[in-house]
Amino acid sequence: MTDETTTGERPSTPPHDPDLLELRTPAQFKALGHPVRHRIVNLLRQRPATLGELATALRAAKGTVGYHIRVLREAGIVHLAGTRHVRGGTEQTLALVSRGFRLHEEATAGPGFLIRAALDEMLPARPGQAEHTLLNHLWLTQDEARALITKLRALLPPPGGTPSSAGEPYGLLLSLYPADIPTLPSRPSGESASRNSPS
């Protein structure tokens, strides 16, 4: 089921978590902004993998995947986790440099980047498959907004994790953002709203 609704929070993790890579440089956002590299990162969230394993999972040529791995390594997102000799060659195992990511508070590209990433991986629901998308608008004070962000963060599972053999992948995007919505002035006290009746 799909509702026309949007929820908005700048999804980030409290800054004290040392196991998360802080995204802030243009090179990092450019590296993660390509759909193939985004898919590689999603694969490596599951476990370290070889170039051959990544190419098989992506149904892509090793040369293509190797190029995208190089971009991710140069941006400091992926690193070489190990090597071993196979059939006269060397097989490399690649891994993410951290168990997850968070946005630096000054990363202006952050919210839009996350929304585009979610749209790139969003699939149409199959008949009978669970799905729910919502857009809503709230009028909040800054204290109320911060309290809501705290509650939304508590809903998120920890990053990473091994896929469940019984489950399917789902995306969860929580976003609380300042909205460009005009506001009507208040009516003078005592003035009631008038309704137009159909003629």
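This is a short selection-by-selection tour of the structure above. The model is predicted.

**Whole chain**

Start with everything shown as cartoon. There are 6 helices and 5 strands. Trace the chain from the N terminus and the order reads β-α-α-β-α-α-β-β-β-α-α. Switch to a surface next. The protein exposes about 14400 Å². Carbon and sulfur atoms supply 55% of that area. Of the 199 residues, 26% count as buried. For a contact map, take pairs at least 6 apart in sequence: 70% of those contacts join residues at least 24 apart.

**Stop 1: helices α1 and α2**

Select residues 26–33 for α1 and 35–44 for α2. Their axes come within 5 Å and cross at roughly 90 degrees. Helix α1 is therefore roughly perpendicular to α2. Now show side chains at the contact. From α1, pick Lys30, Ala31, Leu32 and Gly33. From α2, pick Pro35, Arg37, His38 and Val41.

**Stop 2: Glu22 and Arg102**

Side chains of opposite charge can pair when their charged atoms come close. How many salt bridges does the structure hold? The count is 5. Three of them are on this tour, beginning with Glu22 and Arg102. Their side chains meet at 2.4 Å, N to O. Color strands β1 (residues 20–23) and β5 (residues 100–103) to see the setting. Glu22 sits in β1 and Arg102 in β5, so the bridge links distant parts of the chain, 80 residues apart. Which side of the pair is buried? Arg102 is, because its relative accessible area is 12%, under the 20% cut-off. Glu22, at 25%, counts as partly exposed.

**Stop 3: Thr50, Glu91 and Arg84**

Select Thr50 in strand β2, residues 49–50. Is Thr50 buried or exposed? Thr50 is buried, with a relative accessible area of 8%. Leave out residues up to four places away in sequence, and Thr50 touches Glu91, Gln92 and Thr93.

Stay on Glu91 and add Arg84. These two side chains form a salt bridge, 2.8 Å from N to O. Glu91 counts as partly exposed, at 24% relative accessibility. Glu91 thus appears twice here: as a contact of Thr50 and as the acidic partner of Arg84.

**Stop 4: Glu168 and Arg126**

Select Glu168 and Arg126. Their side chains meet in a salt bridge, with N to O at 2.8 Å. Glu168 belongs to the segment after α6 (142–155), while Arg126 is in the loop between α5 and α6. The pair therefore ties together parts that are 42 residues apart in sequence. Both ends count as partly exposed: Glu168 at 44% relative accessibility, Arg126 at 47%.

**Stop 5: a nonpolar patch**

Turn the surface back on. Where is the nonpolar patch, and which residues make it? Select Ile115, Leu119, Met122 and Leu173. Together they make a nonpolar surface patch of about 360 Å². Zoom in on Leu119, which is found in helix α5, residues 110–121. Leu119 has a relative accessible area of 54%, so it counts as exposed.

**Saved selections**

Three views are worth keeping for this tour. Save the α1 and α2 crossing at roughly 90 degrees. Save Glu22 with Arg102, joining β1 to β5. Save the patch that includes Leu119.

Definitions and conventions: Residues are numbered from 1 along each chain as its sequence is written. Side-chain values use heavy atoms; hydrogens and water are left out. Helices (H or I, at least four residues) and strands (E, at least two) are DSSP runs, numbered from the N terminus. Buried means under 20% relative accessible area, exposed over 50%, partly exposed in between (1.4 Å probe, protein chains only). Contact means heavy atoms within 4.5 Å. Patches are made of residues with over 30% relative accessible area and no salt bridge: like charges are joined within 9 Å, nonpolar side chains (Val, Leu, Ile, Met, Phe, Trp, Tyr) within 5 Å. Accessible areas come from the Shrake-Rupley method with a 1.4 Å probe; for residues, only the protein chains shown count as cover. A salt bridge is a side-chain nitrogen of Lys or Arg within 4 Å of a carboxyl oxygen of Asp or Glu. Axes are lines fitted to C-alpha atoms, for helices over the stretch in contact, and angles run from 0 to 180 degrees between N-to-C directions. Angles under 35 degrees count as roughly parallel, over 145 as roughly antiparallel, 65 to 115 as roughly perpendicular and the rest as oblique.
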